[in-house]
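Biologist: Please take one part of this model, look at it closely, and then place it among its surroundings. Plain words will do, with each term explained as it comes up.

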Amino acid sequence: MIPAAFEYYRPTDMDGVLAILTEHGDDARVLAGGHSLIPMMKLRMAEVPHLIDLQDVSGLTGITVEGGTIRLGAMTTQSEIIASVALTEAAPILREASLQIADPQVRYMGTIGGNVANGDPGNDMPGLMQCLDATFHLIGPDGPRYVAARDFYEAAYMTDREDDEVLTAVSFDQPVGGYAYEKQKRKIGDYATAAAAVQIVKEGGKCTSASIAMTNLSDTPIYSEEAGAALVGTVVDDAAMDAAVAAMLGDIDPTEDNRGPIEFKRHVASLILRRAIARAWSRA
Amino acid sequence: MSNKMHIKLTVNGEEQEFLAEPRELLIHTLRERLDITGPHIGCETTHCGACTVTLNGKSVKSCTVFVAQANGADITTIEGIGDPDNLHALQTSFKEHHGLQCGFCTPGMITRAAKFLEENPNPTEEDVRFGMAGNLCRCTGYQNIVKAIFATADELNAAKEAAE
C-alpha cells in the first residue's frame, strides 16, 4: 500500500497552483482532503508524479449564505457542512446528505470540492448539486469559468474540468420547499447502492416544482428532469410517485457489481426514490 | 526518485524533525520512524479506524494521510492520551466495562472516543454509535464499548461539575 513516488507541492495561492498545473499538465493533480485520491494512489490505480496540496491555498474555504445565494469554498469539509448552523437553516439537505457520507474520520478530511470534482459516480455530492442546480466555479490560466453541475459530468472520472483547471467553489440558489437525501448502502463507509436527492415545492396542497437526482446508478450522477415533472401538478399520491419512479428508471443505467445485479439496483433505486419523495413532500 | 523533504511534527507534545519522502504514510511515520506503536494498522484502506490519531484537532485515519500533508501539524496518539501509570478515564472505563477483548482496535477506539466526547459531552446512544462508526471492532459487538463511553461521559461531567 505504498504509492509511487511523487513531487509534493504546497503553494499558498492559486497562481502557484496554476503554474504547476500548466507546467506538468496531466502529470499533476491537486489534493484536497485526499480521501478519494490517496486510496487510488496507494492501490497504484492513480499515478500522480506532481501532487499539489491545496491546504494552504487562500480563498478556498468558507460557507456564505447571502442574498438568497449559498456558496461553499471547495475546501469546505463535510464535517464543516454538518456543523454549519447557517447552512443547515438555509439548505438542510446538505447536512442530511453529508451525514450519510463515509464515517466521522473521513468527513473531517473529505471536502465538497474533491467530492464533486473527482467525478466518481459513487460520490454523493454530484447528484445533490444537480438536484440543487448548482454552479461549479473553475479557474484556469485563462481566468474563471462557471459550469452547471447538470452539464459537468461526462463519464466516470471524466468531467468538463480541463487538466489545468481547479474547482474553487460551488454555489446555488437557496432551495425552497421540502427536501430529502435518501441513501441505501451496505454498511458505513460504503458507496450507495442507490441514493436520491429530492427538493419539492408545495403550494395549495399541490406540487408546483420538483427536482430529482440519483447517485451511483450510471457512470455519472443522473438528473431526471422527467421524474420531477411527473410530480408537478399532482398531490404526490401513489400514482404520481409511480410515474416519477418510472421516469427515473428510464434515465438510469446501472451496471452489475459487488453491490448487486442490475435488476436489484433498479429495485433499490425505486424504493429509495419513493422514500425520498415521501419524506420531502412531508416536509414541504 | 529520491526526493526527501524536511518534515517537522509535534507528536504528543514532542517536536520531531526528520527527512522523509512525501509519499510516506503518517501511520508508517509514527510506527516505524518514531516508534510510536499505539496506533495500529488494521486494514490500511481507510475502513477500520485502528490507525486513528488526532491531527490538528480532527480524528483522522493516519493510513490515509501522507506525511507531507501532516508537515507542521500537531498530532496526538493514544500514547498522548494516557499511560499505564496514569490512565485516561476512557481507558479505565473500557477496562471496567469490558470494552475490549483482543484489544487491537482499542487505541484507535479510545483516541476517537476522546475527541468525540470533547465535541459532544452529553451524547445519546445513537450519537455514540454514529460518532464511533469509523472504528471497527471484531470482538465485542460494540455493546460494551458504547457502555464504556457513556460511563466516561457521566464521569467526566460529574468531575467537571465538582470542579465548578
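Modeller: In chain A, five strands form an open sheet with antiparallel pairing, in the order S4-S5-S10-S6-S7. This is a predicted model, in which local features need pLDDT of at least 70, side-chain atom pairs count only at pLDDT 80 or more, and totals for chains, interfaces and linings use all residues. Residues are numbered from 1 along each chain as its sequence is written, while chains are lettered from A and ligands numbered from 1 in the order in which they are written. Strands (E, at least two residues) and helices (H or I, at least four) are DSSP runs, numbered from the N terminus. Two strands pair if DSSP finds at least two bridges between them.

At the edges of the sheet are S4 (63-66) and S7 (143-148) of chain A, each of which pairs on one side only. From one strand to the next, the twist averages 20°; such angles run from 0 to 180 degrees between N-to-C directions, with axes fitted to C-alpha atoms. S4(A) is joined to S5(A), residues 69-73, by 4 bridges, and the two run antiparallel. Here A:Ile63 stands opposite A:Leu72 of S5(A).

Elsewhere in chain A, A:Arg274 lies in helix H12, residues 262-283. A:Arg274 is partly exposed because 18 other C-beta atoms lie within 10 Å; 20 or more would make a residue buried and 12 or fewer exposed, with C-beta atoms placed from the backbone. Not counting residues up to four places away in sequence, A:Arg274 touches A:Met241 and A:Val245, where contact means C-beta atoms within 7 Å. A:Arg274 and A:Ala196 are 78 residues apart in sequence, yet 9.1 Å apart from C-alpha to C-alpha.

A:Ala196 is also one of the contacts of A:Ile212, outside its neighbours within four places in sequence, and A:Leu273 is another. Both A:Ile212 and A:Leu273 are among the residues that touch the most other members of the largest nonpolar core, which has 128 residues. Such a core is a set of buried Ala, Val, Leu, Ile, Met, Phe, Trp, Tyr and Cys residues joined through C-beta atoms within 7 Å.

Finally, 21 residues of chain A are in contact with 23 of chain B. On the chain A side, S1 (7-9), H2 (37-42) and H6 (104-109) each supply at least two residues. H6(A) gives the most, with 5 residues.

Note on methods. Contact = placed C-beta atoms within 7 Å.
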